[in-house]
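Subject: Structure handover

Hello,

Here is the structure we spoke about, with notes on what turned up in it. Please keep the sequence at hand while you read.

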Amino acid sequence: MSQPFTLGVNYWPRRKAMYWWSDFDAGEVREEFSVIKEIGMNVVRLFLLWDDFQPEPNSVAKDKIDNLVKVADIAAENGLGLDITFFTGHMSGPNWSPRWLLGGDLPPKAHDWIRDIVSEGKKTDKGYRNMFHDEMALNATRLLLKTVVTTLKDHPAVWMWNLGNEPDLFAWPNSSDEGAAWVKEMVGLIKSIDPKHPVTIGLHGDGLHRDNGLRIDKVYANTDVAVMHSYPMYTPWARQPLDPDFVPFTCALTAALAGKPVLMEEFGGCTALPGEATYTMKWTETNGREREQFMASEEDFAEFLRLTIPKLQHSGATGAMLWCYADYIPELWDVPPCQNSQHERFFGLVRPDGSLKPHAKVIQEFAKTNPQVLPIPEYAKLAVDAEEFYKEPLPHLVDLYQKYLEDMSK
């Protein structure tokens, strides 16, 4: 029996972005979900900003739950499924910490870049405690899962539960076994309330480059669905910033490590302004760090998607979910995350004025073909021993990609 190929988008409202739960507007959500539906997408990934949903560790904000139900109702009206992501956590550069978690020495010292920490919507100089091991955080985690899943388990819009957005960028478990144990416990808790809907956790390309405590093979042994987030423009060994084979390859490698087909839950790119050519943006953060980022022209990025999405389908992926719905409006450029992560202003499917970028048409045309999930082809069945791979991932990655390209071209 054939399975539809998922086409989805990672979402926050254009005019509110990360701040939408604290300034909720159901009319804006209804307007934008209708656009998503018209483009041909069928899944929307939402992020439950942890500090908004749990301003206190021992309770869940009722108004946020009520608004989440309203969002689910709007999704159902449009025939859209929701990928509901908990414990956000990391998003678009900063780490958004619940106010009650502040007072530790995270973010992880293993990372060699300075990361903004945001709490109650503002930057803070305080660190925070490790959510995977702190007892208060663990109890809060269990409470949020119980509350949300109990409320929505029978709602027709629920498509999948997701335990986090690139959670290793927020905290590292002390070991990969402890990370897998955390995932196993939280999946089990969800399943004890809602045995019907699948559960995943939003791992990304860092997990292909090192053991960060959330090893792909160990984590996805405990979830229903394996996913990957992948960006060639962030990866030095990609052939080019808009390498159309890179994203399908990372899907295939994740499938090999996880032992199951993979949903490309997040991929995309930041674009230049309309009419601008592809270029490299350079800027200085408020902390003095120099930054630069590849910015694709809108036309070049549309071509990247035109090539990449069919390749994802052909490689055996179960779907493609774009990062993200909307560019940030200029009024939000001087607050987190755009204050320092300036390229994050321009990842949208729609521009700040609400007009569609050219790649929306690419997605719409692909959706009209009624794509189905295809079996994983031989070239994408990568032979990987997880224990050997994680001893030194980078040489394996380069060699496996070369073989993938060679086998694909045969």
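A residue is called buried here when its relative accessible area is under 20%, exposed when it is over 50%, and partly exposed in between. By that rule Lys311, at 25% relative accessibility, counts as partly exposed. Please note that this is a predicted model.

Salt bridges

Lys311 is a good place to start. Its side chain meets that of Asp245 in a salt bridge, with N and O 2.9 Å apart. Asp245 lies in the loop between β10 and α8 (246-258), while Lys311 belongs to helix α9 (residues 298-314), so the pair ties together parts that are 66 residues apart in sequence. Unlike its partly exposed partner, Asp245 is buried, with a relative accessible area of 6%.

In total the count comes to 36 salt bridges. Another one joins the side chains of Asp224 and Lys191, at 2.8 Å from N to O. Here Asp224 sits in the loop between α7 (216-219) and β10 (226-230) and Lys191 in helix α5 (residues 176-193), so parts that are 33 residues apart in sequence are tied together. Asp224 is partly exposed at 39% relative accessibility, and Lys191 is partly exposed too, with a relative accessible area of 23%.

Arg45 and Glu265 also form a salt bridge, and their closest N and O atoms are 3.5 Å apart. Arg45 is in strand β2 (residues 43-49) and Glu265 in strand β11 (residues 262-268), so this pair ties together parts that are 220 residues apart in sequence. Both Arg45 and Glu265 are buried.

Some salt bridges share partners: Arg15, Lys16, Asp23, Glu28 and Glu31 are joined into one network in this way.

Strand β14

Strand β11, which holds Glu265, also pairs with β14: the two run parallel and are joined by 4 bridges. Within that pairing, Met264 has Ala320 of β14 as its bridge partner. Strand β1 (residues 6-10) runs parallel to β14 as well, again with 4 bridges. There the partner of Leu7 is Ala320. Ala320 of β14 is thus a bridge partner of both Leu7 and Met264.

Is β14 buried or exposed? Strand β14 (residues 319-323) is mostly covered, with 5 of its 5 residues buried. Both of its faces are covered: Gly319, Met321 and Trp323 are buried on one side, and Ala320 and Leu322 on the other.

Aromatic pairs

The count of aromatic pairs comes to 32. In one of them, the ring centres of Trp21 and Phe24 are 6.1 Å apart and the planes are at 5 degrees; planes under 30 degrees apart count as stacked, so this pair is stacked. Trp21 is buried, at 2% relative accessibility.

Trp21 also pairs with Phe53, this time edge-to-face, with 5.0 Å from centre to centre and 80 degrees between the planes. Trp21 lies in the loop between β1 and α1 (26-39) and Phe53 in helix α2 (residues 50-53), so the pair ties together parts that are 32 residues apart in sequence. Phe53 is buried as well, with a relative accessible area of 0%.

Both pairs belong to a wider group: ring pairs link Tyr11, Trp20, Trp21, Phe24, Phe33, Phe53 and Tyr325 into a cluster.

Cavities and a pocket

The structure holds 3 cavities of 30 Å³ or more. The largest cavity has about 60 Å³ of space. What lines the largest cavity? Its lining consists of Tyr11, Trp12, Ala17, Met18, Trp20, Trp21, Phe47, Leu49 and Thr88. By class, these divide into 8 nonpolar residues, 1 polar residue and no charged ones. Tyr11, Trp20 and Trp21 appear in this lining and also in the aromatic cluster.

The second largest pocket has a volume of about 320 Å³. It is lined by 15 residues, and those nearest its centre are Gln3, Pro4, Thr6, Trp159 and Thr318. No charged residues occur in the lining of this pocket, which has 11 nonpolar and 4 polar ones.

Regards

Key
Residues numbered from 1 in each chain as written. Predicted model: local features only at pLDDT ≥ 70, side-chain atom pairs only at ≥ 80, totals over all residues. Heavy atoms only, no water. 1 Å grid on protein atoms, 1.4 Å probe; cavity = no way out; pocket = protein on both sides within 12 Å on 5 of 7 lines; lining within 4 Å. Points joined across faces, edges and corners; volume = space filled by probe spheres on them. Nonpolar A, V, L, I, M, F, W, Y, C, P; charged D, E, K, R; others polar. Salt bridge = Lys/Arg side-chain N within 4 Å of Asp/Glu carboxyl O. Buried < 20%, exposed > 50% of the residue type's maximum accessible area, 1.4 Å probe, protein only. Pairing = 2+ DSSP bridges. Phe/Tyr/Trp six-rings, centres within 6.5 Å; stacked < 30°, edge-to-face > 60°.
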